[in-house]
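Biologist: I would like to go through the labels one by one. Please set each value against its definition.

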Amino acid sequence: MNGYFQLDCREDGTYLWIYAETDGGEPLKAVEVADYLQKKGISYEITDLNRKITAILDKGIIKLDNVKRYPEREMMKVTISADKMSAYARFYPASVGGIESGADAILGDLQNAGVVYGVDREVISAYLEKKQYCTDILIAKGLPVRHGTDAEITYFFNTDLKARPTLNEDGSVDFFNLNTMNHIKNGQLLARLTPEDPGEKGITVTKEYVKPRTVKKLVLKGGRNIRISEDRLEAFAEVDGHVMLVDDKMFVSDVYQVQNVDNATGNIDYDGSVHVAGNVCTNFSVRAKGNIEVMGVVEGATLEADGDIIIVRGVNGMGKGNLKAGGNIIAKFIENATASAGGYIETDAILHSKVMANGDIHVEGRKGMISGSTVAATNSITVKVLGSQMGSDTILELGIDPARKLRFQSIMGEVDAIKKKIKQIEPVLLAANQKMSQGQKLPPDRLQFIQNAAISYRQLREEMEKLVREYEELEDIINSNLTATVKVKDIAYAGTKIAISDVSTILKSDVRYVRFYYEGGDVRYSSL
């Protein structure tokens, strides 16, 4: 039992009984006694008090002063934890002849201290049966908050199709064996939803409610050829074909197959994927919600896919070929064409083309060449041969989504156009304001014109402010993404321009086996 003390109020003054600790309890601390005495309005020098308490080995009495006082009732000190989930009581005995607390008194004191929930009456009963003073007793516990869990969707197909062509031992690239589709059968289970668990509120000992953290809710999203169960927890395919996940929405389709895209087929616009066994001829277009696979050559044609574009024998765009993929582009070569991908681009050569990827660009086949082209990627470009001995203009741009960079470059032109319109309206509004301030009354048609001009002025200002904010956000992105790199696995020729974010360099001499990166405000290079 911990050491404790007890007041003894007598006719000739106030005394203090000291009881030493027993059975390994904590010794009585003078600071605790002094705190109690201060609350009771009794002054005593703490150093002297500490000396006398320390000298008492078992039980002793100290005279505090000669003041006659009334007996003190039993006292309870309540401490509430920082998270308000626990309350501790520390009891001090009544003075000799003073009133001791019962269960009702203790409950009342707890309520006065703000402890109104989770009070353990069995703890109170145990204390009253065997009182322990100067000891912290856990007397009330709150109900802990139970945090829930986010909803989760389990997909029973590969949702991360990042198939890459195989590099053969002879340096060639195998563009035939690509696993870029999830083939499924009618009735096959595609996904299962485990609903969110919202959790349960907690309650503090002061009866305040603690909300669980917000959990993420999900729903199964399915397009054509997908059946969602009545309980909305499972999704099944309704046709044989393949499944893709685009923006969290499942899409099932069979594949549209043709031999060639030419006069016999005309342009193709298909909700699923398109497989071309032969070639796509000049001036034709193929548009698909899924993937586009061409086993032959793409000439001066347009290919647009929400998914991937795969061209086994490459692209000879003749200056007008255009590839646009929401996913990846894989082609034997890209020549005299424009190509943009939301993911990565994999090819053996890029010649006299404009190529952009929101991910990486790999040019690592047998030739592994980029020449006479402008190539932009967000993360990295890997190439064997960069530029040419003939000095063809070759430019690499890294560090920002190419689409964002184009947008960044176009914003200020839009801002300038808006400023011109604002300057045309401002004199009209100013003149009208001066006339009305002088008491002149404008004709109804003129007043209507001024009102319309004022609306246009406000809209133009709001639009300009929005564009400026967008410009600043893009500028921050450009300045912050400085980790992009270029890896040259053979040679980079003099005259090649490499830009990372808004910093660029032009090679003055040939370099081999190097990595270009941003450091200290410059584009630098080091050995691989």
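Modeller: Start with strand 36 (residues 485-492) and strand 39 (residues 511-519), which run antiparallel and are joined by five bridges. This is a predicted model, where local features need pLDDT of at least 70, side-chain atom pairs count only at pLDDT 80 or more, and totals for chains, interfaces and linings use all residues. Residues are numbered from 1 along each chain as its sequence is written, and side-chain values use heavy atoms, with hydrogens and water left out.

Biologist: Why are strand 36 and strand 39 called paired?

Modeller: Two strands pair if DSSP finds at least two bridges between them. Strand 36 and strand 39 have five bridges, so they pair. One residue facing across is Ile 491, opposite Arg 512 in strand 39.

Biologist: What makes a run a strand, and where do the numbers come from?

Modeller: Strands (E, at least two residues) and helices (H or I, at least four) are DSSP runs, numbered from the N terminus.

Biologist: What joins strand 39 to strand 40?

Modeller: Six bridges join strand 39 to strand 40 (residues 522-527), and the two run antiparallel. Arg 515 stands opposite Ser 526. Val 514 has Ser 527 as its bridge partner. The hairpin of these strands has two residues between them, and Gly 520 takes a positive phi near 60° there.

Biologist: Which strands are the edges in the open sheet of order 4-5-6?

Modeller: That sheet has three strands with antiparallel pairing. Strand 4 (75-80) and strand 6 (136-141) each pair on one side only, and they are the edge strands. Neighbouring strands are turned by 30° against each other on average, direction ignored. Strand 4 pairs with strand 5 (residues 86-92) over six bridges. In strand 5, Ala 87 is the bridge partner of Ile 80.

Biologist: What packs on this sheet, and at what angle to strand 4?

Modeller: Helix 3 (residues 103-112) touches strand 4, strand 5 and strand 6, and its direction makes about 40° with that of strand 4. Contact means heavy atoms within 4.5 Å. Axes are lines fitted to C-alpha atoms, for helices over the stretch in contact, and angles run from 0 to 180 degrees between N-to-C directions. Helix 4 (residues 121-129) lies across strand 5 and strand 6, at about 155° to strand 6.

Biologist: What is the strand order in the sheet with strand 1?

Modeller: The order is 1-2-3, in an open sheet with antiparallel pairing. Its edges are strand 1 (4-10) and strand 3 (59-65). The twist averages 25° from one strand to the next. Seven bridges pair strand 1 with strand 2 (residues 13-19). Arg 10 has Gly 13 as its bridge partner. Helix 1 (residues 30-39) lies across strand 1, strand 2 and strand 3, at about 35° to strand 1.

Biologist: What makes an empty space a cavity?

Modeller: On a 1 Å grid over the protein atoms alone, a cavity is a set of points where a 1.4 Å probe fits but cannot get out. Points are joined across faces, edges and corners, and the volume is the space filled by probe spheres set on them. One cavity of 30 Å³ or more is counted. The largest has a volume of about 30 Å³.

Biologist: How does the lining of the largest cavity divide?

Modeller: Lining residues have an atom within 4 Å of a point. Among them are Gly 387, Tyr 493 and Ala 494. The split is two nonpolar, seven polar and no charged. Ala, Val, Leu, Ile, Met, Phe, Trp, Tyr, Cys and Pro count as nonpolar, Asp, Glu, Lys and Arg as charged, and the others, Gly among them, as polar. Tyr 493 and Ala 494 therefore count as nonpolar, and Gly 387 as polar.

Notes. 1 Å grid on protein atoms, 1.4 Å probe; cavity = no way out; pocket = protein on both sides within 12 Å on 5 of 7 lines; lining within 4 Å.
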